[in-house]
Amino acid sequence: MVALQLGGAPAATLGEVKNRADLVIFWGSNPAESHPRHFTRYSGSAKGRMNPRGRKDRYIVLVDIRPTPSVKYADEFIQIKPGHDYEVLTAMRMLTNGNRPDMDSVGDVAIQTLERLVQRCKDARLGVLFFGQGITETRGKHQNSMAIYQFGKDMSRHSKFLTLPMRGHYNVVGSGNTMCWQTGYPFAVNFGRGYPQFNPGEFSVVDLLKRKEPDAALIVAAEPMDHLPYEAARHLENIPTIVLDPRETLTTKMADVVIPVKHAGVSVEGTAYRMDHIPIKMRSVLNSPWPKDDEPLSTIIARIKAIRKEEAET
Amino acid sequence: MTAVKQDEGITVTEHVVCPFCATLCDDLVIHVQNNQVVKVRNGCNLARGVFENAHKEWATPRVNGKEVPYDSAVEEAARILAASNNPLIYGLAATDVDAQKKCIELADLIGANLDNASSV
C-alpha cells in the first residue's frame, strides 16, 4: 500500500487480463493454493477475446524461493534465493533500461534467465506481474513491492505491462477503498485529534500493539490472535477486547466481549471489492439469528453518544 | 437471484459470491437443506470450507466468558469504548462495505486508531 503511494501503478481489471494478457508472471504467490480459481477464471486457462485457445495463448512464469504446487501450471519456474527479490528486480530494471549488470547471477538466478524474461515482457501484447505475500511479507516489505511497481513503470515504456497485487482477504481491497473514501487514507489512521491522521509505523496495528499503546480494542471481522505476530497480539490479552464475528475463533475465545453477527456473503447480502477494485454484490444463502454487523456498531455509536451526554450533564 | 426450490426441501441458489479470497468468484451454486449447505458447485476447496462449515461453531454473545443477552454484550462494548483513552479498531477485511463505514464513523466518534489487514 505504501509502495503504491510512492510509486503509483498501472491498473486493469481481471477481465483485461483474461482477454488480453499473453504473459503472466506470478512472483512470491502460490495461486494454486491461495487463489485456486484465479488461474482458470482469469490468468491461466481462461479463454478470452485475444486468447481464444486459453492456456496455449499464454506464457506463464512463476518466481518463488521454492517450488510450490503452482509450478506445474507454469511454463517456466525461476527459483530465487530467499530475501533477494529486491536485487533480482533491480537487475531486471537495469536490463529493461538497457544496462547489463556486471555479474553472472543475481539472487541465484543467471543473468541470461533474467534477460530472456525481460525480453518476453518487452515482446508481450499485455504482460501482467501478479505479486503475493512472498513480496509483501518478506524482509524489506514495501520496498519489495516498490521495486515491482518501478519495474512495471520501466517496462511500460516498452510494452503494455501491469503489476497487480494478489490480495488475500475477500474484502481487504474494500477496507482500503472505504477508508480512503471516508478518511482520505487507506489504513493506519488515527482520529485522536478529531481529524484523520495517517502514519504507518505509528498508527499501524502491529506497531501500536507492540508498543502496548491501545487501552481497549474492537476487532471487527478479523483474527488478530491467529494472524498478527504474537508479541503484538498478546497485548490484546491485557486490555478489554471486543470482537464482532460470526463464528468462534481464537480471538473470540480470548475476548472480553463477544458480539455475534451475520456472516457477510453467507447469511446476509453485502458489497465487497474484488482484488481488481470491482465492487461485487454478495448473496445470502443461510439464515442467522444475529443482526448484520453494522447494527450493533450503530447501537454502540448511539450508546456512546448517550453516555457522553450524561457525563456532560453531571 | 435465482433460487429454485427442489422436492426434498433443498434450496438451490445460483451466482453466489464466495467470501474467502479476493478473487471473489461469483458463479457458485449452493444447495441448502435445513439451513445447512449440503453441496457447493463450482467452488474451490477454500470455498467449500467456507460454506460447508458456515453453520458450525457460531459465536454466542458473551461478556468475560459468560453468555449474556445480546443487548448486554453491546452495552458492555459501548461502556468499554466510551471509557477508553486510546482505543484501537482493527479488522474490516472480512466484512462488507456498510460495516466498514460504521467502523469509520465509530473511530471518528471515539478518536480511535483504525487499521485494516493490508497493514499487516
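Okay, so let's start with the empty spaces: the count comes to two cavities of 30 Å³ or more. Keep in mind that this is a predicted model.

The largest cavity first. Its volume is about 100 Å³, and 14 residues line it. Which of them lie nearest the centre? Those are Pro36(A), Cys18(B), Cys21(B), Cys25(B) and Cys44(B), so please find that cluster on the screen. By class, the lining of this largest cavity splits into ten nonpolar residues, three polar and one charged.

Now the second largest cavity, with about 70 Å³ of space. From chain A, its lining includes Pro246(A), Arg247(A), Val261(A), Lys262(A), His263(A) and Val266(A). Ser267(A), Leu286(A), Ser288(A) and Trp290(A) are in that lining too, and chain B gives Ala54(B) and Trp58(B). Here the classes come out as seven nonpolar, three polar and two charged.

On to the pockets, and I'll just take one. The second largest pocket holds about 150 Å³. Pro36(A), which I mentioned at the largest cavity, turns up in the lining of this pocket as well. Also lining the pocket are, among others, Phe26(A), Phe39(A), Ile60(A), Leu62(A) and Tyr73(A). Which elements give two or more residues to it? In chain A, that's α3 (31–34), α4 (38–43) and β2 (59–64). The pocket lining has nine nonpolar residues, two polar ones and no charged ones.

Last stop, strand β7 of chain B, residues 87–91. Why do I call it largely enclosed by the rest of the structure? Because five of its five residues are buried. As a reminder, in a regular strand the side chains alternate between the two faces of the sheet. In β7(B), Pro87(B), Ile89(B) and Gly91(B) sit on one side, Leu88(B) and Tyr90(B) on the other, and both faces are covered.

And who are the neighbours? β7(B) pairs with strand β10 of chain A, residues 216–220, in the parallel sense, over five bridges. In that pairing, Ile219(A) has Tyr90(B) as its bridge partner. β7(B) also runs parallel to strand β8 of chain B, residues 113–116, with four bridges between them. There, Tyr90(B) is partnered with Asp115(B). To get from β7(B) to β8(B), the chain passes through helix α3 of chain B, residues 97–110, in a right-handed β-α-β crossover.

So if you take one residue away from this, try Tyr90(B): buried, and bridged to Ile219(A) and to Asp115(B). That's me done, thanks.

Methods:
Residues are numbered from 1 along each chain as its sequence is written. Chains are lettered from A and ligands numbered from 1 in the order in which they are written. This is a predicted model: local features need pLDDT of at least 70, side-chain atom pairs count only at pLDDT 80 or more; totals for chains, interfaces and linings use all residues. Side-chain values use heavy atoms; hydrogens and water are left out. On a 1 Å grid over the protein atoms alone, a cavity is a set of points where a 1.4 Å probe fits but cannot get out, and a pocket is an open set with protein on both sides within 12 Å along at least five of seven lines; lining residues have an atom within 4 Å of a point. Grid points are joined across faces, edges and corners, and a volume is the space filled by probe spheres set on the points. Ala, Val, Leu, Ile, Met, Phe, Trp, Tyr, Cys and Pro count as nonpolar, Asp, Glu, Lys and Arg as charged, and the others, Gly among them, as polar. Buried means under 20% relative accessible area, exposed over 50%, partly exposed in between (1.4 Å probe, protein chains only). Two strands pair if DSSP finds at least two bridges between them. A crossover is right-handed if, with the strands pointing away from the viewer, the path from the first strand over the helix to the second runs clockwise.
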